[in-house]
Amino acid sequence: MAAPFFSTPFQPYVYQSPQDAVIPFQILGGEAQVVQIMLKPEEKVVAKPGSMCYMSGSIEMENVLLPENEVGMWHWLFGKSVTSVVFRNNGQSDGFVGIAAPSLARILPIDLAVFGGEILCQADVFLCSVNDVKVSNTLDQRARNIASAEVFLRQKISGQGLAFILAGGSVVQKNLEVGEVLAVDVSCIVALNTTVNVQIKYNGPMRKAMFGGENLVTAVLTGPGIVFIQSLPFHRFSQRIARAVTSPNMRENPKFFVQIAIFFFLAYVVIVSSLILTDV
């Protein structure tokens, strides 16, 4: 059985695959975590490019192209990588590989067999996998009136293996009963069962989005199923950093560009009106 999502740092776990293969792994660190996976000869780990932190001498790394049915048009349009990295133990003894989170994130081990062989995630949360795991981008057709790309474009992770995904800040797991309803900020959803029904709710008029409104779109989730929630989505964290490094005027007045545009528009109207009146 895979580790629970709240795994204690430095505590080892053992994953047993449906083929009875036993693979030990260990999640190290507190905020920017690393997962260390032990590999027997000829065993392999598939990971996203640029995620390798360290590996033993018997491990060989190879970049491979993703199958066409796993890449899709969205990878090309949004500049996503169309390759994955395979770490294989070609030695005669056990080896290990350390896969690191690309940001201040926690690593969640997901045993897909527990989730019925399929789980829906936010885009780009997949880190690496062991055994039979397939990652593809999919449109969640159940979510109607979608106004956020984070709900519109999801990663579907399927198979019977062990997948490691990323979550920012603190992580909460909610086990929803049949008919139980949970409202969550759209960007805080990390992953959920395919059995969970998703409905999108607008919290006020859309004009708030133009003038800096927060929490405009809420996902209303209805059980049964399991939901993983993150307290600090990466885009929210990056926005806070961007505001901190901008000039004081921009930081104190985020509607600066809107105000400048309105100013020039009014100036244009005044100038054109004065020219018309002069000609008359």
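User: Happy to be looking at this one with you! Is Phe228 buried or exposed, and what is its relative accessible area?

Analyst: Good place to start, and please keep in mind that this is a predicted model. Buried means under 20% relative accessible area. Phe228 falls under that cut-off, so it counts as buried, with a relative accessible area of 3%.

User: Which residue forms an aromatic pair with Phe228?

Analyst: The count of aromatic pairs comes to three. One of them is tilted, with 6.0 Å centre to centre and 45 degrees between the planes. The partner of Phe228 in this pair is Phe115.

User: How many residues apart in sequence are the parts that this pair ties together?

Analyst: Phe115 sits in the loop between strand S9 (105-111) and S10, whereas Phe228 belongs to strand S20 (residues 225-230). Phe115 is buried, with a relative accessible area of 11%. Given where the two rings lie, the pair ties together parts whose separation in sequence is 113 residues.

User: Now for the nonpolar interior. How many residues does the largest nonpolar core have?

Analyst: The residues with the most contacts inside this core are Phe25, Val35, Ile37, Ile99, Cys128 and Phe164. Val35, for one, touches residues that include Phe25, Ile99, Cys128 and Phe164, leaving aside those up to four places away in sequence. Its other contacts include Ile27, Val97, Ile107 and Leu127. The size of the largest nonpolar core is 24 residues.

User: Apart from that core lies another; how many residues does it have?

Analyst: This other core lies apart from the largest one, and Phe228 is among its members. Leu108, Phe126 and Ile226 are also among them. Its size is 19 residues.

User: On to charges. Which side chain meets Glu118 in a salt bridge?

Analyst: Side chains of opposite charge can pair when their charged atoms come close. The count here comes to one salt bridge, with 3.7 Å from N to O. The partner of Glu118 is Lys156.

User: Where do Glu118 and Lys156 lie, and how many residues apart are they?

Analyst: Glu118 is partly exposed, at a relative accessible area of 26%, and Lys156 is partly exposed, at 25%. Glu118 lies in strand S10 (residues 118-122) and Lys156 in strand S13 (residues 153-159). The salt bridge links distant parts of the chain, and the separation is 38 residues.

User: One last spot: how far apart in space are Ser84 and Gly50, C-alpha to C-alpha?

Analyst: Ser84 has its place in strand S7 (residues 83-89), and this serine is buried, with a relative accessible area of 9%. Ser84 and Gly50 are 34 residues apart in sequence. In space, C-alpha to C-alpha, their separation is 9.3 Å.

Terms used
Residues are numbered from 1 along each chain as its sequence is written. This is a predicted model: local features need pLDDT of at least 70, side-chain atom pairs count only at pLDDT 80 or more; totals for chains, interfaces and linings use all residues. Side-chain values use heavy atoms; hydrogens and water are left out. A nonpolar core is a set of buried Ala, Val, Leu, Ile, Met, Phe, Trp, Tyr and Cys residues joined through side-chain atoms within 4.5 Å. Buried means under 20% relative accessible area, exposed over 50%, partly exposed in between (1.4 Å probe, protein chains only). Contact means heavy atoms within 4.5 Å. A salt bridge is a side-chain nitrogen of Lys or Arg within 4 Å of a carboxyl oxygen of Asp or Glu. Helices (H or I, at least four residues) and strands (E, at least two) are DSSP runs, numbered from the N terminus. Rings of Phe, Tyr and Trp (its six-membered ring) pair if their centres lie within 6.5 Å; planes under 30 degrees apart count as stacked, over 60 as edge-to-face and the rest as tilted.
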